[in-house]
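Got your viewer open and your mouse ready? Let's take a walk through this protein, one selection at a time.

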Amino acid sequence: MDDLYIICGTALVDKPTVLVKRGLDTLAKASVERQDGNISLLQNKTSIEFHVECRKDYVRGTSTSWPVASFLLINAALGAGVLNYPYAYDKAGGVVFAAFLQIIMMVVLISTMLVLVYSADVNKDNTYHDVLLSLCGRRAQQFAALSILLTCYGICITFLIIIGDQYDRLFLSLFEKDFCTLWYLDRRFTITVTSVLCILPMCYFQRLDFLRYASTLGIFAMLYPVFLTVYEYYTLGITPGHIKVMPDSAVEVFVVIPVFSFAYQTHEIVVPVYACMKNRNLRDFTKATFLAMGILFFIYCVAGSFGYMTFGSLIAPDIMEQYDATDPVVLVGIGALVIKMITTYPQLVVCGRGALDGLYAEFVHLSTDQFIKGELKRRVVVTSLWFASTLLLAVLAPNIGVVIELLGCLASVNIFIFPGLCLIALAIRDDEYLEDFKSRVKCLVACLMILFGTFVFGVVFTKVIIYDMLNKSGKVPHPKC
């Protein structure tokens, strides 16, 4: 999933708050009920207003219908991964094979989403973390929080890389040959200046309510590249590179699986969305899931097919890099993307910082008073280290595709491994000795899910580190030069 609901524990007032945020777009607040100062900041049974739309429904005394739930899932999944989708089509072996692989992945993803929803009904849990705590214990909940923390961190790196890509495209179109010789056009300089001047000051705020409305730009910014792929296909008039009909190797297929999973992933918000539905039942949520996946499939197929058919094997990891920024239609998209990255990065920092605060408080057993007293110091230190390290990695990373593949590795954990653990817990809960045939089937399916998720994670992580990062460590700052 490219956009996430991030649930992060943080104590800002006497009653600590949890930031519930769609990783690229929406920021909302919710409270955690806590009876004494020593209860964990990742305590179960949190009272969360899951999404801005859900929050408004609760105020009106109503709940979310299944079509609205479907929209929330779409809004959560659609994100920066769409920029990398045409490139993923090249790795997947072309339009037809990529579409077929997506269909298979959607079937698997829908199944794991329904496993989470079914698991949530056991104890009427309302969040992804609650489900893991109820069925798998606190360690599983902590690992989920760590996974979300790392995902926030990776997406921040992606945002900075995208900013650099947009500047590269703009300056290459405007300055052409001078682009490679002028130091102030170097992406290392442009990313650093933009980040320090426009992003860093906002990251130190406790709350970012003032960015809530700016974040609505996210939907437009992420759908605009889809429009551009179609527009440029009919107007660009260039000769594409080789068009594949099959993948080059099995490894390339396994590398693409996390990318596709990441693009469709909504697992972190499945349980919260399900909890705020008017009719909390599997039938209505299944309808919402199928509708959401169908619309996402159409959007991604349009972006991937038209983008790949335009450039073929010459496609770049970020499709926006290959369009002429002097074209006003392209310039609008570049501007929207840069603004979106600038306004959303601080929200992810606040969210990731909150998750880190919660984990830290658990491991060192902080009381409420200790947690609140040290909040300012932790905020400054964590924010500074977070920003500096993501900026450094963004400058050194070969391209956006590498980071998205690594994020896809984390997505495979949330999509396959954690739901698999929940399914095993359910089977044992219903039949401790697994004497019933259905219980054995559940365990078998769960084991296959865990093994598949672990295998994909290992293959992709190894490929990215060895072949993409180490072998390209000497790559020039501007690949176009």
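**Stop 1: Ser147**

Select Ser147 and show its surroundings. Setting aside neighbours within four places in sequence, you'll find Ser147 in contact with Leu410 and Asn414. Ser147 itself sits in helix 6, which covers residues 138-175. Is Ser147 buried or exposed? Its relative accessibility is 5%, and under 20% counts as buried, so Ser147 is buried. Now add Leu407 to your selection. Ser147 and Leu407 are 260 residues apart in sequence, yet their C-alpha atoms are 9.8 Å apart in space.

**Stop 2: zoom out**

Time for the whole view. What you have on screen is a predicted model. Colour it by secondary structure and you can look for 16 helices and three strands. The protein has 481 residues, and 58% of them are buried. Its exposed area is about 19300 Å², with carbon and sulfur atoms supplying 67% of that.

The link you just saw at Ser147 has a wider setting. Take the contacts between residues at least 6 apart in sequence: 81% of them join residues at least 24 apart.

**Stop 3: colour by confidence**

Switch the colouring to pLDDT. The mean for the protein is 79, and 82% of the residues reach 70 or more. Which elements have the lowest and highest mean pLDDT? Strand 3 (residues 27-31) has the lowest, at 31, while helix 11 (residues 282-311) has the highest, at 93.

Now select residues 1-53. The pLDDT is below 50 over this stretch, although the model gives it 204 contacts beyond near neighbours in sequence. Do the same with residues 473-477: here too the pLDDT is below 50, and the stretch has five contacts beyond near neighbours in sequence. A tip for such places: where pLDDT is low, the predicted coordinates should not be read in detail.

**Stop 4: helix 4 and its partners**

Select helix 4, residues 95-123. Then add helix 9, residues 250-264. When two helices pack, they are described by the angle between their axes and the distance between the axes. For helix 4 and helix 9, the axes come within 10 Å and cross at roughly 60 degrees. The two helices are therefore oblique to each other, and their crossing is right-handed. To see the contact, show side chains: helix 4 brings residues including Phe97, Leu101 and Met105, and helix 9 brings residues including Val253, Ile257 and Phe260.

Look at the spacing of those residues, too. An α-helix has 3.6 residues a turn, so residues three or four places apart point the same way.

Next, hide helix 9 and bring in helix 11. How do helix 4 and helix 11 lie relative to each other? Their axes also come within 10 Å, but cross at roughly 155 degrees. Angles over 145 degrees count as roughly antiparallel, so that is the label for this pair. The crossing of helix 4 and helix 11 is right-handed. Among the residues making the contact are Ala99, Ile103, Ile110 and Val117 of helix 4, along with Phe285, Thr289, Met293 and Tyr300 of helix 11.

**Stop 5: from helix 4 into helix 5**

Follow the chain out of helix 4 and select Lys124, which lies in the loop between helix 4 and helix 5. Lys124 has a positive phi of about 55 degrees, even though it is not a glycine. Its relative accessibility is 52%, so Lys124 counts as exposed.

Go on to helix 5, residues 128-136. Seven of its nine residues are buried, so helix 5 is largely enclosed by the rest of the structure. The buried ones are Tyr128, His129, Asp130, Val131, Leu132, Leu133 and Leu135. Just after helix 5, click on Gly137, which takes a positive phi of about 100 degrees.

**Stop 6: two more buried residues**

Select Leu208, in the loop between helix 7 (187-203) and helix 8 (217-235). With 2% relative accessibility, Leu208 counts as buried. Add Pro346: the C-alpha atoms of Leu208 and Pro346 are separated by 7.9 Å, although the residues are 138 apart along the chain.

Finish at Ile334 in helix 12 (residues 328-364). Ile334 is buried, at 4% relative accessibility. Leaving aside neighbours within four places in sequence, Ile334 is in contact with Gln166, Arg169, Met320 and Ala325. As a last click, pick Ile162: its C-alpha atom is 9.7 Å from that of Ile334, with their positions 172 residues apart along the chain.

Definitions and conventions: Residues numbered from 1 in each chain as written. Predicted model: local features only at pLDDT ≥ 70, side-chain atom pairs only at ≥ 80, totals over all residues. Heavy atoms only, no water. Helix = DSSP H or I, 4+ residues; strand = E, 2+ residues; numbered from the N terminus. Buried < 20%, exposed > 50% of the residue type's maximum accessible area, 1.4 Å probe, protein only. Contact = heavy atoms within 4.5 Å. Areas by Shrake-Rupley, 256 points an atom, 1.4 Å probe, with all protein chains shown as cover. pLDDT = per-residue confidence, 0-100. Axes fitted to C-alpha atoms, helices over the stretch in contact; angles between N-to-C directions. Parallel < 35°, antiparallel > 145°, perpendicular 65-115°, else oblique. Left-handed = near helix turned anticlockwise from the far one by under 90°.
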